[in-house]
Amino acid sequence: MRLQLSLIAALVLVPLVARADDRVDTTITWFQERRAEAAGDKTTLDVYHPQFDLGIDLGESFSLSAGYEADIVSGATESLYAAPPAGSVDAVSSATLFDDARQVGKAGLSFQGRRSRLYAGYAYGFERDYLSHSVSAGASIDLPGKNTTFGVAYTHNFDQVCDLDNGNASPLERRPLTGANECFVAAGTMGRTTISHDVAIDTTEATVTQNLSPTAVIQLGLNGQVVNGFQSNPYRRVRVGGIDAQEASPLVRGRLALFARARLAFPRAHAALGADLRGYSDTWGVDSLTAEMEYFQYLGGKILFRLRTRLYQQTKAVFFEDAIDYANFGSTGAFFTGDRELSPLRNVLFGGKMSYLAVADDAGQVWGLFDEIDFHLRAEGIWAQSLTDTPPDGDVSGPLPDMIIVSLGLLMRY
Amino acid sequence: MPRSTAVAWSSSSKLFAVALLVAALAGCGRFAVRPNEKEHLADRTMQFDPDGQEAASDDHVLSNREGSSGGKGSGGGGCGCN
């Protein structure tokens, strides 16, 4: 749950991209986030994220894909949002240390016709406290002339999340899970302290991609998701009117996102510009707007440089309140949370990526074997700003980014 | 669903339908861009999410730190050259 495998639902919508060649794609990403409160001598959260994907053609029309990815996490948790010392008004307590790992395996089968593509896939992911099975399917078709493409995709997740067995306790009596509780223990086992909740996630997306001119293309889309099941962080506790209780969130969440994306080429400058805009709203009351710009510049024939910036801002969920308000006045309804994702916030991302590209030509294959090689290095920073007086996870100030992302990747087509 | 959210969804859906119609009318004719004019559209810089692993990794990182998820779009482009 710490790593939230439910996001697989969003990820498996991507494979509708046609991949005509056999390929091997591997990337290692290092993500680091600074924490507001020190936990021992560790003040950051570090995630190492290896990804490996393989694609193989099965004849003219079919291709098989398989992949593996992992998150290896160590560091400080978010500062907890509860249990201030007696007489203190500071409701943010120190972070604690933890290690965790998430692993995902996936496989898919694609069919590519003259103007159409079909995809079906399956993914299985597991971590200490979360299991996920997801099935997905997608299709896209080009209209005559191949200037307009319609695409649809659907994913269903059959997930399970671990929780402390609180029996029939009321929300304010419920206690959080801890790292000492063993998860997914068979029913009837002596000393079992945990149970698992089912979480069902349905995600669907529809897109239309349109060539506007020889140098401009746009994509419009609609993405909807319904999550049904336990969605609180089982580890998180919130002080509500003097009682430390496990976070309580609604069991159903409906999400809707509308987006528009555009790419514009500048052939004489060997450059291109990308712009993405997304509006989002959900039934928990979170509304957000995302704007993203990318600038691509070729330097010579083999180096491609990209600059990217992204601005994101959201409102809070209707049941989110500052820690002080929960502690002093209790919750206004049945739900209470210390999740920063449900607080009002703004994120700004900026960074660059450099790719070395080598493509087979009349002189022969790249390194005598490949049709294409793409070696890339990416470095980006995220500056996060909480828009509430008492941020759920404290406040990291200063000019340095709150989060950094560095990745190194190699794509080989043959 | 709160009434304000329902109204926002309804308005957004109408806007999306209008945008879809305009886009379709604007360019879905079969001669909007001829095959011999698609050189630049086929370039990787004109593809949406040319690096699938980066797109997946971004979704994972950002969705764990923001309340929103989805709506990143699907990959590929409009070159029609697959």
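# Exercises on a predicted two-chain model

Leaving aside neighbours within four places in sequence, A:Leu289 is in contact with A:Gly279 and A:Gln313. The exercises below start from this residue, and they concern a predicted model, which scores ipTM 0.88 and pTM 0.87.

## Exercise 1: A:Leu289 and its surroundings

Place A:Leu289 in its secondary-structure element, decide whether it is buried, partly exposed or exposed, and state how far it lies from A:Met412.

Solution. The element comes first: A:Leu289 is found in strand S14 of chain A, which covers residues 287-299. For the second step, 14 other C-beta atoms lie within 10 Å of A:Leu289; because a residue counts as buried at 20 or more and as exposed at 12 or fewer, A:Leu289 is partly exposed. Finally, A:Leu289 and A:Met412 are separated by 123 residues in sequence, and their C-alpha atoms are 36 Å apart in space.

## Exercise 2: Two loop residues with positive phi

For A:Phe184 and A:Trp367, give the approximate phi angle, the loop that holds each residue, and its class of exposure.

Solution. Begin with A:Phe184, whose phi is near 55 degrees, a positive value in a residue other than glycine. This residue lies in the loop of chain A between strand S7 (148-164) and strand S8 (194-213), and with 14 other C-beta atoms within 10 Å A:Phe184 is partly exposed.

Turn next to A:Trp367, for which phi is likewise near 55 degrees and positive, although the residue is not glycine. Its place is in the loop between S16 and S17 of chain A. A:Trp367 has 11 other C-beta atoms within 10 Å, and is therefore exposed, since the cut-off for that class is 12 or fewer.

## Exercise 3: Pairing from S4 to S6

Trace the pairing of strand S5 of chain A with S4(A) and S6(A), giving the sense, the number of bridges and the connecting hairpins, and then sort the residues of S5(A) by face.

Solution. On one side, strand S4 (residues 97-112) and S5(A) pair in the antiparallel sense over 10 bridges, with A:Leu109 standing opposite A:Ala120 in S5(A). A hairpin of 3 residues makes the connection from S4(A) to S5(A).

In the next step, S5(A) runs antiparallel to strand S6 (residues 130-142), to which 12 bridges join it; here A:Gly121 stands opposite A:Ser136 in S6(A). The hairpin from S5(A) to S6(A) passes through 2 residues.

The faces of S5(A), residues 116-127, can then be listed. The covered face consists of A:Arg117, A:Tyr119, A:Gly121, A:Ala123, A:Gly125 and A:Glu127. The uncovered face consists of A:Ser116, A:Leu118, A:Ala120, A:Tyr122, A:Tyr124 and A:Phe126.

## Exercise 4: Pairing from S15 to S17

Describe how S16(A) pairs with S15(A) and with S17(A), and name one bridge partner in each case.

Solution. Strand S15 (residues 303-314) and strand S16 (residues 345-359) of chain A are antiparallel and pair over 12 bridges, and within this pairing A:Phe305 has A:Met354 of S16(A) as its bridge partner. S16(A) also pairs with strand S17 (residues 372-386) of chain A, again in the antiparallel sense, over 15 bridges. In that second pairing, A:Phe350 has A:Gly381 of S17(A) as its bridge partner.

## Exercise 5: Helix H2 of chain B

Check whether the length of H2(B) agrees or disagrees with the span expected at 1.5 Å a residue, and state how many of its residues are buried.

Solution. The helix covers residues 52-63 of chain B and has 12 residues. The expected span is 1.5 Å times one less than the number of residues, so H2(B) should span 16 Å, and its end C-alpha atoms are indeed 16 Å apart, which agrees. As for burial, 11 of the 12 residues are buried, and the helix is mostly covered; among the buried residues are B:Gly52, B:His60, B:Val61 and B:Leu62.

## Exercise 6: The two chains in outline

Summarise each chain by its secondary structure and its share of buried residues.

Solution. Chain A has 2 helices and 18 strands, and buried residues make up 43% of its 414 residues. Among its contacts between residues at least 6 apart in sequence, 64% join residues at least 24 apart. Chain B has 2 helices and 0 strands, and 49% of its 82 residues count as buried. One caution applies to chain B: its average pLDDT is 74, and 54% of its residues score at least 70.

Definitions and conventions:
Residues numbered from 1 in each chain as written. Chains lettered and ligands numbered in written order. Predicted model: local features only at pLDDT ≥ 70, side-chain atom pairs only at ≥ 80, totals over all residues. Pairing = 2+ DSSP bridges. Helix = DSSP H or I, 4+ residues; strand = E, 2+ residues; numbered from the N terminus. pLDDT = per-residue confidence, 0-100. Contact = placed C-beta atoms within 7 Å.
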